[in-house]
Amino acid sequence: MYQRILIATDGSELSEKAVSSGISLAVGLDAEIVAFTAVPRYPSMYFEGAVVLTAAEVGRIEKEWHLKAQALVDAVQEEAHRHSVKAKAVTGTGLVSESIIKAAKKHKCDLIVMASHGRKGLGRLLLGSETLDVLTHSHIPVLVLR
């Protein structure tokens, strides 16, 4: 059925549920996983929440974010290996939903597993829904956990 599963995580408690479920699914299907998280870029405009910083400071912040993201997917990879599941740790940059879909295509995944944070009302309007964007734009099946 599914041979390579991309598990998207942001390190939140809810995404840990997706990680656990994705690894369990991979065990049951004898599939391999791609552990993925997106590393944001530092906002470049005031309206995106940017604070004026030097290029060196922005570089330092982005490097720190990348190191944290790599540690996150490395931990998922280690957890998969503890369950005898072949796993690869991958990070991407840019918009989260686009990065997830791009990584799934690049690594030839046939399923995406991710969590939905269940934001409603104003929170969803302001923050958007990465999960909804992935569901809307992905041609790869998506398993959403809540």
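This passage looks at helix α1 and at the second largest pocket of a predicted model.

Residues are numbered from 1 along each chain as its sequence is written. Local features need pLDDT of at least 70 and side-chain atom pairs count only at pLDDT 80 or more, totals for chains, interfaces and linings use all residues, and side-chain values use heavy atoms, with hydrogens and water left out.

Helix α1 runs over residues 13–29 (helices being DSSP runs of H or I, at least four residues, and strands runs of E, at least two, numbered from the N terminus). Its 17 residues should span 24 Å at 1.5 Å a residue (1.5 Å times one less than the number of residues), which agrees with the 25 Å between its end C-alpha atoms. Buried in α1 (under 20% relative accessible area with a 1.4 Å probe, protein chains only; exposed is over 50%, partly exposed in between) are S15, A18, V19, G22, I23 and A26. Viewed down the axis, these residues fall within an arc of 130° (taken from the directions from the helix axis to the C-beta atoms), so they line one face of the helix. The face turned away from them carries the exposed E13 and G28. Following α1 comes D30, with a positive phi near 55°.

Lining the second largest pocket are F36, V90, T91, G92, T93, E98, S99, K102, A103, K106 and H107. Strand β3 (87–93) and helix α3 (96–106) each supply at least two of the lining residues, and α3 gives the largest share, five residues.

Key
1 Å grid on protein atoms, 1.4 Å probe; cavity = no way out; pocket = protein on both sides within 12 Å on 5 of 7 lines; lining within 4 Å.
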